[in-house]
Amino acid sequence: MKYLLYTIYFLFTTSLVSAQVIKSGETPVFNHQDSLRGSITPERAWWDLKHYRLEALVQPENQSIDGSNTITYEVLKAGQVMQIDLQPPMDIKKVTQKGKELEFKRDGNAYFITLDKKQKEGKTEEITIYYGGKPRVAKNPPWDGGLTWSKDANGKDFIATSCQGEGASMFWPCKDHMYDEPDNGMDIIVTVPEDLVEVSNGRLIEVKENKFEKTKAYHWQVTNPINNYGVNINIGDYVNFSEQYNGEKGELDCNYYVLRDNLSKAKEQFKDATRMLEAFEYWFGPYPFYEDSYKLVEVPYLGMEHQSSVTYGNGYSNGYRGRDLSLSGWGMKFDFIIIHESGHEWFANNITYKDIADMWIHESFTAYSETLFLEYFYSKEAANEYVLGTRSSILNDRPIIGYYDVNYSGSGDMYYKGANMLHTLRQLFNDDNKWRSALRGMNEKYYHATVTTEEIENYLSEQLGKDLKPFFDQYLRTVEIPILQYRLMGNTLLCKWSNTVEDFNMPVKLYVNGKETWVEAETHWTPTTNIPENAEIKVDKNFYIATLNIMGN
């Protein structure tokens, strides 16, 4: 989750939905560093990540990190210069391979390492990078990320990382592009003062105590591929409680790490975790990381979707910081951070965008997961009220898809405009079992994969049996709300789309004198006959569209 969730209001009238559209009309200016970060450069393309072994000594007294990262990679084609990313004020101090120290040069946030000799295609090799410094301090986590150095109510250090937009290279050296994940997971070994507990992704393998240095080293192991920004370090005076969830793939270990004073509150509030698992396994398929377990970890900021180590800071209350973002009342039936951030285990951590321009794949599906959670436990009516209520947060300021190859995401509308787009698409499926099958099939087809918007569009088109390119062009690539114009002339209903892309052609559900009726609509007047004269026409409100009855009936 990266964007602040805004609250603005749509104006609803009996026949017209309108919204203020904010258009900057400006194209962002990109530079060399944006391209180095956002594109698959030649120095990235020739090698494939297999494993990270990240070791870090965290020193709260001077807010610094020192450590190393051993990268195992497969050579895809002959190459000798490797790009590794690490952002100032952090520095790479030394790079070695097979006992030899290597030369490297820095270009802003990127380091270019010259290997001892050209790498041979098909070989698996290792390189170790030694680094250190004082990482950027988070100004407003998780939206403006970095390291959060804080204290708990008892004066003990309470520290956490968050870096989705800024990138994992804020605090550790890595191949900081989402297209490539370590196929064989990673080991994370973090050393902290002995009176603190450190929690990272995956399973805890061992804790080594160094009494002389008064430290403890926590070794966590991730066996599945993991995206860079999903890697996290959390440090505090934690206590742990756990349970097992009997899920679709067997027993899932669930561990919860919270500040000592919050244990009793957490044992009550975190009951939403198993409710989440029950609902989302129903809708999306098995939790994607049984091998690495599921964790909720308390942090000094709102929360984030770190893979198998979901972070939590919602104040042990329902809603979003105690508020219902939908204004419907249903948002107070669950803890927003537990449900939303855990939903990202399926959409972000299992299915991951290749380029941040396609971040809607993470956020639109996960925002809609809130609706599906309510439907599973309450009713379809409750779910509909919730998702329609979230329309008050839509800005229509710029397209949901960003710019490719420059590390630039789209509008924050990827949350609730995206959710309402998917809710509209669900109406087109007109079959809840088929819709559920499509969601589960997506998580199976793209299991532990990185994807593009085109792949998701094609998959959903295949599932629906209809070319959805105009649909996605409209909702993802423009800020315009489709307007359904209609007029009843005798017993013929004429419908037409306006304010759309050229080839937009979406059928829509109406109620004619209370009877459900589907009509075809294109960008020219399309007739539907045998409609009773002077019938009352209502458009199904579950479609995210505007409507205009041009006869005023």
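1. In this predicted model, I92 stands opposite Y131, a residue of strand β10. The strands concerned are β6, spanning residues 91-97, and β10, spanning residues 124-133, which run antiparallel and are joined by five bridges.

2. These two strands belong to an open sheet of eight strands, whose order is β7-β6-β10-β4-β3-β13-β16-β15 and whose pairing is mixed. At the edges stand β7 (100-101) and β15 (203-210), and because each has a single partner strand, one side of each is left without a neighbour in the sheet.

3. Y131 appears again in the surroundings of W172: when neighbours within four places in sequence are left aside, W172 is in contact with Y52, L54, N69, D85, L86, Y131, M186, N228 and V231.

4. W172 is also one of the residues that touch the most other members in the largest nonpolar core, a set of 160 residues in which F270, Y294, W360 and L425 are named alongside W172. Helix α6, which covers residues 360-377, gives the most to this core, contributing eight residues. As a general background, nonpolar side chains in soluble globular proteins tend to be buried together.

5. Another tryptophan, W525, is found at the surface, where W525, L548, I550 and M551 make a nonpolar patch of about 310 Å². W525 lies in the loop between β28 (515-519) and β29 (526-528). Its relative accessibility is 31%, so W525 counts as partly exposed, a class that lies between the buried limit of under 20% and the exposed limit of over 50%.

Technical notes
Residues are numbered from 1 along each chain as its sequence is written. This is a predicted model: local features need pLDDT of at least 70, side-chain atom pairs count only at pLDDT 80 or more; totals for chains, interfaces and linings use all residues. Side-chain values use heavy atoms; hydrogens and water are left out. Two strands pair if DSSP finds at least two bridges between them. Helices (H or I, at least four residues) and strands (E, at least two) are DSSP runs, numbered from the N terminus. Patches are made of residues with over 30% relative accessible area and no salt bridge: like charges are joined within 9 Å, nonpolar side chains (Val, Leu, Ile, Met, Phe, Trp, Tyr) within 5 Å. Accessible areas come from the Shrake-Rupley method with a 1.4 Å probe; for residues, only the protein chains shown count as cover. A salt bridge is a side-chain nitrogen of Lys or Arg within 4 Å of a carboxyl oxygen of Asp or Glu. Buried means under 20% relative accessible area, exposed over 50%, partly exposed in between (1.4 Å probe, protein chains only). A nonpolar core is a set of buried Ala, Val, Leu, Ile, Met, Phe, Trp, Tyr and Cys residues joined through side-chain atoms within 4.5 Å. Contact means heavy atoms within 4.5 Å.
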